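Biologist: Got a minute to go through the labels on this one with me? I'd like to hear the reasoning behind each of them.

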Amino acid sequence: MNLLIINTFLEFTTVIIIFSCIIQTELHKHLKNIITAFIIFFSQVIIQFYLYRTYNINLPDTIALLLVLFIIFNETLLYKICWLTVYTLFEAVTAYMLSNIIFIFLNLLNISGNTLNLLAYSDITTFALFIACSLAFHKKCQYIKHYIDLIEKRNYYLIIFSCFITLILLNLSQIFFYEDIAQILKYIIILMIFLLIITLLITTTSFLISQYNNTILREKDKINQKCLEMEQAFNKQIEQKNNDLRAFRHDFNNHMLTLQVLVQDEKWEQVKNYLSKLSIIHTQNFYISTGNIIADAVTNQFYNTLDNNILFKTSGYFKQDCFIDGIDMCTILSNLLNNALEALSHLEDNIRKEIYLDIDDTKNRISILMQNSSVNYDGIDTCNIQTTKTDTINHGYGLLNIKNTIKKYHGLMKIHCHNNIFTTFIILNKPLPL
C-alpha cells in the first residue's frame with residue numbers, strides 16, 4: 001500500500017510540474033485555490049487507502065488530477081483534459097514498457113515477483129523520469145506553448161479521442177500479455193494491437209503537423225497581405241506628402257513676407273499663432289527615411305498613428321542591397337514597434353514617453369536597436385514577459401515571432417530593462433551564398 005501512496009503523490013507532482021514547466025500554463029494566484037487542491041489531493045490518498053484496505057482495489061487518479069488542474073491552473077477545461085489525456089497516454093506507454101521489460105528480465109532469471117509491486121515500481125520510475133525531464137528541459141521548452149496554442153480547438157477533440165482509443169488498446173494488450181493462452185496467439189494479438197496503436201498515433205500526429213503547417217502558411221499569407229497593404233498605403237502617403245510639400249514650398253516666400261510684416265508691427269501673439277500653424281504643416285509633411293521601402297512603410301505608418309505626447313526618433317539607414325527579406329523586415333520592425341507602443345500604454349500620463357530606433361547596416365551584418373520608455377522590469381526575466389492583453393491566444397507572441405525570424409539569419413537578440421528604459425538589441429547576419 002505504501003507504493004500506491006507514493007505513486008499517487010508522484011503522479012500529482014509530475015502532472016503539476018509538466019503543466020507548469022513544459023506546457024507553461026500559468027497558476028491561479030489565489031491561496032484558496034491551492035488549499036482546495038491540497039484538500040482534493042489528500043482526499044484522494046485517504047480514499048485510495050480505504051478502498052485498498054477494505055476491497056483490495058485501486059482508485060484511478062484521473063478525476064482528482066483533472067480537478068486539481070482545473071483549480072490550480074488557468075486555461076480552459078478542454079485544454080486541460082486534452083493535455084492530461086496526452087500525459088496519461090505517455091505515462092501508460094512508458095510504464096507498460098518498463099514493467100514488461102522487468103517482467104521478461106525476471107522470467108529469464110527465474111525470479112518470481114509480485115505483479116502489483118512490479119507495476120508500482122515501474123510507475124515510480126516513470127514518474128521520476130518525467131519529473132527529471134520536465135525540470136531539465138524547462139528553459140528549452142519556451143516555444144512549446146506557442147505551438148500548442150496554434151492547434152485549433154476542434155483538433156483537441158481529435159487528440160482526446162486518439163489518446164482514449166490508444167489507452168483502450170494498450171489495456172487490451174496488457175490483458176492478453178498476462179493471460180494464459182498459446183504463446184504464438186498471444187504475441188500475434190499483441191503485435192496487431194501495437195500496429196493499430198502505432199498507425200493511430202502516426203495518423204493523428206501527421207494530421208496535426210499538416211494543420212500546424214497550414215496555420216503557419218496562413219500566418220505568412222497574412223503578413224504578405226499586410227506588407228502589400230502597407231506598401232500601397234505608404235505610396236499614397238508619399239504622394240500626398242509630396243503634393244503638400246510642393247504647396248508649402250510654393251507659398252514659402254509668402255509665409256516669410258507675412259512673418260516679416262507681423263514682426264515689424266510687433267504683433268508677437270499673431271507671430272506665435274502663425275508659427276504654430278506652420279509647425280503643424282511641417283509635421284504633416286514629415287517623412288521618415290530608412291533606405292528600405294518596407295521599413296519606411298512600417299515606420300511611417302507607425303509614426304502617423306502616434307499621439308502627440310509620444311516622441312519617436314530614428315537614426316541610421318539600410319543599404320540599397322539590404323539582405324533582409326521584406327516579410328522578415330515587416331515582422332521584426334512591426335512587432336518591435338507594436339511592443340514598444342504597448343509598453344508606453346501602461347505608463348502614467350505625466351511620464352515622458354519615448355521610442356528610439358537605430359539601424360546599423362554593414363557589409364555582412366545588420367544591427368537594430370530599439371529603446372522605449374517602460375515600467376520597471378528590474379529583476380524580472382524580460383525574455384519571457386507575458387502579454388497584458390486579455391486575448392492571450394492571438395497576442396503575446398511578438399518577441400517569439402522576432403526570435404523565429406532571427407534564427408533564419410543566424411542572429412541573436414539581447415533584451416534588458418534598466419532605469420525604466422526597455423532595450424532590444426538585434427543582430428542579423430548575411431546568409432552565405434549557396
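Modeller: Sure, and let's begin with burial: a residue is called exposed over 50% relative accessible area, buried under 20%, and partly exposed in between. Keep in mind that this is a predicted model.

Biologist: Then why is Arg 352 called exposed?

Modeller: Its relative accessible area is 59%, and the label needs over 50%, so Arg 352 counts as exposed.

Biologist: What makes Arg 352 and Glu 354 a salt bridge?

Modeller: The rule asks for a side-chain nitrogen of Lys or Arg within 4 Å of a carboxyl oxygen of Asp or Glu. Here the N to O distance is 2.1 Å, so the pair of Arg 352 and Glu 354 qualifies. Glu 354 has 25% relative accessibility, so the label there is partly exposed.

Biologist: How many salt bridges does that rule give?

Modeller: Three. Another one joins the side chains of Arg 154 and Glu 152, at 2.8 Å from N to O.

Biologist: Why are Arg 154 and Glu 152 given their accessibility labels?

Modeller: Arg 154 has 58% relative accessibility, so it is exposed. Glu 152 comes out at 22%, so it is partly exposed.

Biologist: What about Lys 408 and Asp 328?

Modeller: Their side chains meet at 2.9 Å, N to O, which is within the 4 Å limit. This pair links distant parts of the chain: Lys 408 sits in helix H13 (residues 398–408) and Asp 328 in helix H12 (residues 326–345), 80 residues apart.

Biologist: Is Asp 328 buried or exposed?

Modeller: Buried: the value for Asp 328 is 6%, and the cut-off is under 20%.

Biologist: On to the sheet. What makes E1 and E4 edge strands?

Modeller: The sheet is open, with five strands in the order E1-E2-E3-E5-E4 and mixed pairing. Strand E1 (310–315) and E4 each have a single partner strand, so one side of each has no neighbour in the sheet. From one strand to the next, the twist averages 10°.

Biologist: How do you know that E1 and E2 pair?

Modeller: Pairing takes at least two bridges, and E1 and strand E2 (residues 353–361) have six, in the parallel sense. One of the bridge partners in E2 is Lys 353, opposite Ile 310.

Biologist: What does H12 touch on the sheet?

Modeller: H12 packs on it with contacts to E1, E2, strand E3 (365–373) and E5, and its direction makes about 15° with that of E3.

Biologist: What makes His 410 and Asn 420 stand out?

Modeller: Positive phi in a residue that is not a glycine: about 50° for His 410 and about 65° for Asn 420. His 410 lies in the loop between H13 and strand E4 (412–418), while Asn 420 is in the loop between E4 and strand E5 (421–429). With 66% relative accessibility His 410 is exposed; Asn 420, at 36%, is partly exposed.

Biologist: Last one: why can Ile 188 be part of a surface patch when it is partly exposed?

Modeller: Because a patch asks for over 30% relative accessible area, and Ile 188 has 45%. This residue belongs to helix H8 (residues 183–250). Together with Ile 184, Leu 191, Met 192 and Leu 195, Ile 188 makes a nonpolar surface patch of about 510 Å².

Notes
Residues are numbered from 1 along each chain as its sequence is written. This is a predicted model: local features need pLDDT of at least 70, side-chain atom pairs count only at pLDDT 80 or more; totals for chains, interfaces and linings use all residues. Side-chain values use heavy atoms; hydrogens and water are left out. Patches are made of residues with over 30% relative accessible area and no salt bridge: like charges are joined within 9 Å, nonpolar side chains (Val, Leu, Ile, Met, Phe, Trp, Tyr) within 5 Å. Accessible areas come from the Shrake-Rupley method with a 1.4 Å probe; for residues, only the protein chains shown count as cover. Helices (H or I, at least four residues) and strands (E, at least two) are DSSP runs, numbered from the N terminus. Buried means under 20% relative accessible area, exposed over 50%, partly exposed in between (1.4 Å probe, protein chains only). Axes are lines fitted to C-alpha atoms, for helices over the stretch in contact, and angles run from 0 to 180 degrees between N-to-C directions. Contact means heavy atoms within 4.5 Å.
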